[in-house]
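Visitor: Hey, I've got a protein open on my screen and no idea where to start. Can you walk me through it?

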Amino acid sequence: MAKFYITTAIVYANSRPHIGHAYEIVTTDVIARYRRMLGDDVYFCTGSDEHSINVYTKALEQGKDPQVYCDEMAKVYKDLWKRYGISNNDYVQTTEERHKKSVMQLFKKCFDAGDIYKGAYEGHYCKSCEAFYTEAELDEGGICKIHKIKADVVKEENYFLRLSKYQDKLLAHIQNNPSFLEPETRRNEILNMIKAGLNDISVSRNGQKWGIPLNFDTDHKVYVWFDALINYITAVGYASDEEKFAKYWPADYHIIGKDITKFHCIIWPIMLMSAGVPLPKKVFGHGFLLNKGEKMSKTRGNIVDPENVINVFGADAIRYYFASHITNGVDGEFSEDAIITCFNSYLANDLGNLINRSITMVEKYFEGVVPAYTEAAQTPRMKEIRESIDALATEYMKKMDVLNMSGALEDAWKRVAIANKFIDESAPWTLAKENKTEILGNVMYLLLEIIRVTSLCLIPVIPDTAKKIWDKLGIQYTELLPSFENEMKFGKLPVGTKVSKGEPLFPRIVDEEKEKEKGKKLK
Ligand code: ME8
């Protein structure tokens with residue numbers, strides 16, 4: 001059993017959930033569930049980034065104790081992720097004791113290695129990015145390029161980490177390990193940054209009230225990014241559980257947004273190199289969800305609330321949309337119209353209708369009992385379809401293995417399209433009239449097999465619905481299929497099984513606004 005450790009970024013605790021957070025955690029969940037399905041020992045972790053000064057300020061504004069506020073916000077996220085069907089094994093809050101211990105240990109290792117020194121910082125600091133910037137990195141007038149706010153001018157005595165010392169080593173690592181940082185565009189950005197030269201960075205802030213104090217100089221708090229990145233090792237037992245740490249570290253995947261690649265691919269690996277901890281195997285910087293082509297931001301007032309979205313559409317529609325309609329690695333579009341169209345056409349029409357029509361016919365022509373497939377009645381077209389079923393597992397896994405979920409689902413949907421077309425091509429109603437029972441049995445068996453293999457491909461994406469499909473097919477599966485490739489082979493559906501149509505799985509989503517508009521036009 002291989003271990004597989006996967007993480008998302010940890011969210012700033014002062015912000016309410018954002019649809020971009022939901023996108024990141026859903027796509028990570030799909031990968032985690034995929035690996036679990038294949039039998040890996042998966043550890044999937046997410047969490048809250050709580051030592052930002054913005055968290056402290058927000059808590060005080062609301063008249064709350066910062067820790068109480070952090071716990072409340074963590075609960076908001078945990079409850080929401082449950083509704084999204086997220087299967088994380090752990091949730092790290094950076095104010096937890098286990099995390100403080102882990103931060104202190106890593107800080108000390110870097111210090112003992114001679115890589116942390118006291119110096120004076122004079123420059124800019126964007127509160128929203130929680131990042132230090134040189135003037136050249138900001139827009140004119142010292143404006144942060146990301147948040148469009150004026151960065152603070154800071155003059156502080158801080159502790160610095162020697163990024164410069166590790167510049168060549170990091171460059172060589174990324175050049176020699178192309179899979180360390182994906183996709184390619186992110187990799188090139190980071191390689192260029194390293195080649196341009198790395199400056200040492202502050203890893204402590206002086207005189208702040210909130211954060212983890214340095215135990216040898218308590219006026220200083222650990223810089224929030226240095227603190228937050230360490231969550232990835234805290235979760236698997238760094239400084240608290242050696243056995244667990246040896247088992248799960250290094251992480252197989254850090255899934256993060258493209259805006260924070262620099263922290264994960266420059267600062268984080270150097271912290272680990274300095275402390276003598278192995279580097280994660282891969283950092284994947286996904287794209288951003290845009291709202292009708294525009295970046296979502298507070299100033300534009302176009303941030304989509306994932307709580308509203310799940311209230312309206314339910315988890316299946318959103319999970320399927322994220323996995324199938326957004327190409328991992330590039331920016332994607334989020335709109336309610338796109339979700340409705342995707343759900344209605346891919347799930348309700350393509351798959352839902354296929355299931356309904358096929359089972360209705362098996363009930364009508366074979367009293368609901370799965371008929372035998374006979375070689376004698378096999379036509380060349382049937383043979384082709386059989387072969388395309390057999391080829392699906394390899395195609396699907398090849399894409400899932402490189403995080404191309406949309407490609408993997410596209411391959412499955414090609415089979416769904418084949419099946420829908422095959423109903424019309426083979427006209428089962430005529431075969432029934434002409435008493436061509438063997439041929440009709442083969443047609444039905446092929447349709448049911450396509451439904452079955454599609455449901456297996458859906459285990460990581462919409463697991464509860466995959467189970468409902470098995471109920472309709474009268475078969476028992478689990479989400480754990482170490483022999484996935486074998487189960488995907490044509491012919492695994494037992495002959496004689498009783499199918500049942502039951503309730504439709506994907507009732508079409510009606511866009512009430514549009515229906516009203518149509519009504520108006522008709523009048
Ligand atoms: O950056 N589309 O937290 P965060 C897709 N605490 N993803 C988006 C997005 C969008 N529109 N907006 C944000 C932080 N994200 C730090 C991380 S990790 C040690 C510390 C993604 O709450 C973003 O890229 O601002 C990041 O990966 C995650 O949401 C959390 O963002």
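Guide: Sure, let's start with a word we'll need: a residue is called buried when its relative accessible area is under 20%, and exposed when that area is over 50%. Keep in mind that this is a predicted model.

Visitor: Okay, so is Tyr253 buried or exposed?

Guide: Tyr253 counts as buried because its relative accessibility is 7%, and the cut-off for buried is under 20%.

Visitor: Where does Tyr253 sit, and which residues is it in contact with?

Guide: Tyr253 is part of strand β13. Leaving out neighbours within four places in sequence, its contacts are Phe4, Tyr5, Ile6, Thr7, Ile31, Lys282, Asp401 and Leu403. With Asp401 there's a polar pairing too: a polar atom in the side chain of Tyr253 is 3.4 Å from the backbone oxygen of Asp401.

Visitor: And how far is Tyr253 from Trp81?

Guide: They are 172 residues apart along the sequence, and their C-alpha atoms are 20 Å apart in space.

Visitor: New topic: the ligand. How many residues surround it?

Guide: There are 23 of them, and the closest are Ile10, Glu24, Asp49, Gly257 and Asp259. By class, that shell has 12 nonpolar, 8 polar and 3 charged residues.

Visitor: Which helices and strands supply at least two residues of that shell?

Guide: Those are β2 (11-12), α1 (19-37), α7 (224-229), α8 (231-234) and β13 (253-257). You've met β13 already, as the strand that holds Tyr253.

Visitor: What polar atoms lie by the ligand's own N and O atoms?

Guide: Here are three cases. A polar backbone atom of Ile10 is 2.8 Å from a ligand nitrogen. Gly257 has a backbone N or O atom 2.9 Å from a ligand oxygen. Asp259 uses its side chain, where an N or O atom is 2.6 Å from an oxygen of the ligand.

Visitor: How much of the ligand does the protein cover?

Guide: On its own the ligand has 670 Å² of accessible area, and the protein covers 93% of that.

Visitor: Let's zoom out. How many helices and strands does the chain have?

Guide: It has 19 helices and 17 strands. The chain has 523 residues, and 56% of them count as buried. Its C-alpha atoms fill a box of roughly 90 × 60 × 40 Å along the principal axes.

Visitor: Can you pick out a sheet for me?

Guide: Try the open one with 4 strands in the order β6-β5-β7-β9, paired antiparallel. At its edges are β6 (131-133) and β9 (201-202), each pairing on one side only. Strand β7 (residues 152-161) is joined to β9 by 2 bridges, and Phe160 stands opposite Ser202 in β9.

Visitor: What holds strands of a sheet together?

Guide: In general, they pair through backbone hydrogen bonds, either parallel or antiparallel.

Visitor: Any backbone oddities to look up?

Guide: Check two cis peptide bonds. One joins Glu182 and Pro183, with omega about -5 degrees, and Pro183 is in the loop between β8 (181-182) and α6 (184-195). Another runs from Trp249 to Pro250, with omega near 5 degrees; Pro250 is in the loop between α9 (242-248) and β13.

Visitor: What about phi for Glu367 and Ala427?

Guide: Neither is a glycine, yet phi is positive: near 50 degrees in Glu367 and about 40 degrees in Ala427. Glu367 is in the loop between α12 (336-366) and α13 (380-400), and Ala427 is in the loop between α14 (405-426) and α15 (428-433). Glu367 is exposed, at 65% relative accessible area, whereas Ala427 counts as buried at 17%.

Notes
Residues numbered from 1 in each chain as written. Predicted model: local features only at pLDDT ≥ 70, side-chain atom pairs only at ≥ 80, totals over all residues. Heavy atoms only, no water. Near = heavy atom within 4 Å. Polar contact = N/O pair within 3.5 Å; in protein donor to acceptor, adjacent residues only side chain to side chain. Areas by Shrake-Rupley, 256 points an atom, 1.4 Å probe, with all protein chains shown as cover. Nonpolar A, V, L, I, M, F, W, Y, C, P; charged D, E, K, R; others polar. Pairing = 2+ DSSP bridges. Buried < 20%, exposed > 50% of the residue type's maximum accessible area, 1.4 Å probe, protein only. Contact = heavy atoms within 4.5 Å.
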